[in-house]
Amino acid sequence: MTAPSTVDSASGPSSKREERRVLAGTLVGTTIEWYDFFIFAQLTATLLSPLFLTPLEKSNPGVAQILSFATIGISFLFRPLGAFVAGHLGDRLGRKAVLVMTLVMMGAATALIGLLPTYGTIGLWAPILLITLRVVQGFSAGGEWGGAALMAVEHAPITKRGLFGAYPQIGVPIGMILATGLLFFLQSGMSKEDFAAWGWRVPFLLSVVLIVVGYLIRRAVGESPVFKEIAQRKAESKAPLSELFRNNKKEVILAALIFIANNAAGYLLIAFFISYATKALKMPAPQVLLATTVASFGWLIFTMVGGWLSDKIGRVRTFLLGYGLVFAWMIPMFALIDSKDILLYGTALFVLTIGLGLSYGPMSAMYAEMFPAHVRYSGISIGYALGAILGGAFAPLIAQALLDATKWSGSVGLYIMGLCIISAVGVILAKETKGRPLGFSVHH
């Protein structure tokens, strides 16, 4: 056995400046990744179906909407592949290099979506090219989160891992605020005809600016201290992926289960509610987008609270509190949404974000503490990607199908409640991880 790792000392990294750079790098990167993702998800709910599935939209708009939601899910199917590749490279070459690569891939795919001809111009090639770029987005997203989470948690003082780990997590609501806010201003400031003709391309093309900023910030971030320790012991870590599946299958499965309900409920907020409110309830799109933007601030706040709280009362208790709130709110939430009152709609979404944040903030820290250092990137990336497939990948599609079949919005609530039970069981089986050593040597 080698000497104990010094990475887990309570004092954490020696440089506060480096801490700030790491947190900025993980936050900016995940914000950009999820801005890109959410622009697509939200336009799928409102516009991309008539632009890219034109004949089906005219003959059967309900089926067209379900298929357009399926394009969100398709990208999730390629997240595990991205997680496998990025996880393996991250465990072998370092967190930093992979983070830069995934950021550039996501940005390039997003900008190209903004340049795509529609069905009216190139026919069937339009949805084919759109799906291809969605696959690239899914691949890069599969590797993005794990690296960002580990950069934050592995640089953290042992008593602040939950709080540090919440920084890449809040990239999700910040990305959503940017995406939804931009769509709100565009749709409020131009006619429906202009937005459908060219305005929808603007948010995709603007991602190029964000990518340049994120690239420069990430290039300035130092490598994770735990990975530096691994690099000094390369001979002890010949094949991280094979070792992961030989020794840590249980942790991968539990990581996937823990994420299912949060991801599914999150994608209702991201995509389904916008479609349901504007199409089924006939609420004005700018008001719905504004309410979603305001709710995203709640998601941001309570995700940070969730990370901080998990350092105080533990990861398991914080997760269970979050999932308990999501479970309890489902049926009342849909009653408020169905009122068609924009203030009640906004309230329904904001209250949902309390439980969403508490069950998302602790995730980076808990996942990092579940896996040995030499397979950690692979383990958390693959667990996260599998949870996303089982949770959010087809949640908007399943919600739309349930709504069409039952004509009762509460059926969607029951679906999420069932997933909350599954995820809560996963959390309980994983047991408390707070304070576990993260250093390489303690696992050997």
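**Entry 1: the whole chain**

I call a residue buried when its relative accessible area is under 20%. With that cut-off, I find that buried residues make up 60% of the 444 residues in the chain. A reminder to myself: this is a predicted model.

I looked up the secondary structure next, and the count is 21 helices and 0 strands. For the surface I noted an exposed area of about 15900 Å², with carbon and sulfur atoms supplying 71% of it. I then turned to contacts with a separation of 6 or more, and 88% of these in the chain come from residues 24 or more positions apart.

**Entry 2: the rings around Phe-259**

How many aromatic pairs does a search of the whole structure find? I got 10. One of them is Phe-259 with Tyr-360, a stacked pair at 6.2 Å centre to centre and 20° between the planes. I checked where the partners sit: Phe-259 belongs to helix H14 (residues 249–280), while Tyr-360 lies in the loop between helix H17 (342–358) and helix H18 (363–370). The two are 101 residues apart, so I noted this as a pair that links distant parts of the chain.

Are these two rings buried or exposed? Phe-259 has a relative accessible area of 1%, so I list Phe-259 as buried. Tyr-360 is at 2% relative accessibility and therefore counts as buried too.

Phe-259 turned up again with Tyr-384, in a stacked pair with 4.4 Å between centres and 20° between the planes. This pair also joins distant parts of the chain, with Phe-259 in helix H14 and Tyr-384 in helix H19 (residues 376–393), 125 residues apart. Tyr-384 counts as buried because its relative accessibility is 3%.

**Entry 3: other rings**

I also came across an aromatic cluster, formed by Phe-272, Phe-273, Tyr-276 and Phe-334. Elsewhere I looked at Phe-40, and the charged end of Arg-134 sits over its ring, 3.9 Å from the centre.

**Entry 4: helix H19**

Tyr-384 took me back to helix H19. Does its length agree with what its residues should span, or disagree? H19 has 18 residues, which at 1.5 Å a residue should span 26 Å, and I find its end C-alpha atoms 24 Å apart, so the two agree. Along the way, H19 bends by about 25° at Gly-387. I noted H19 as mostly covered, with 15 of its 18 residues buried.

**Entry 5: helix H9**

I ran the same kind of check on helix H9 (residues 161–189). H9 has 29 residues and reaches 43 Å from its first C-alpha to its last, close to the expected 42 Å at 1.5 Å a residue. Where does H9 bend? I found the bend at Pro-168, and its angle is about 35°. H9 is largely enclosed by the rest of the structure, because 21 of its 29 residues are buried.

**Entry 6: Ala-64 and Leu-241**

I stopped at Ala-64, which is placed in helix H4 (residues 61–77). Its relative accessibility is 0%, so Ala-64 counts as buried. I took the C-alpha to C-alpha distance from Ala-64 to Leu-48 and got 9.9 Å, for a sequence gap of 16 residues.

Leu-241 is in helix H13 (residues 240–247). Its C-alpha is separated by 9.7 Å from that of Val-85, although the two are 156 residues apart along the chain. Which residues does Leu-241 touch, leaving out those up to four places away in sequence? My list is Phe-84, His-88, Ser-378 and Ile-382.

**Entry 7: two lysines with positive phi**

My last stop was backbone angles. Most residues other than glycine have a negative phi. Lys-407 has a positive phi, near 60°, and I found Lys-407 in the loop between helix H20 (395–406) and helix H21 (410–430). Lys-431 has a positive phi as well, near 70°, and Lys-431 is in the segment after H21.

Are these lysines buried or exposed? The cut-off for exposed is over 50%. Lys-407 is at 68% relative accessibility, so I marked Lys-407 as exposed. Lys-431 has a relative accessible area of 56%, and therefore I marked Lys-431 as exposed too.

Conventions
Residues numbered from 1 in each chain as written. Predicted model: local features only at pLDDT ≥ 70, side-chain atom pairs only at ≥ 80, totals over all residues. Heavy atoms only, no water. Helix = DSSP H or I, 4+ residues; strand = E, 2+ residues; numbered from the N terminus. Buried < 20%, exposed > 50% of the residue type's maximum accessible area, 1.4 Å probe, protein only. Contact = heavy atoms within 4.5 Å. Areas by Shrake-Rupley, 256 points an atom, 1.4 Å probe, with all protein chains shown as cover. Phe/Tyr/Trp six-rings, centres within 6.5 Å; stacked < 30°, edge-to-face > 60°. Lys NZ or Arg CZ within 6 Å of the ring centre and 35° of its normal. Expected span 1.5 Å × (residues − 1). Bend = angle between axes of the 7 residues up to and from the residue.
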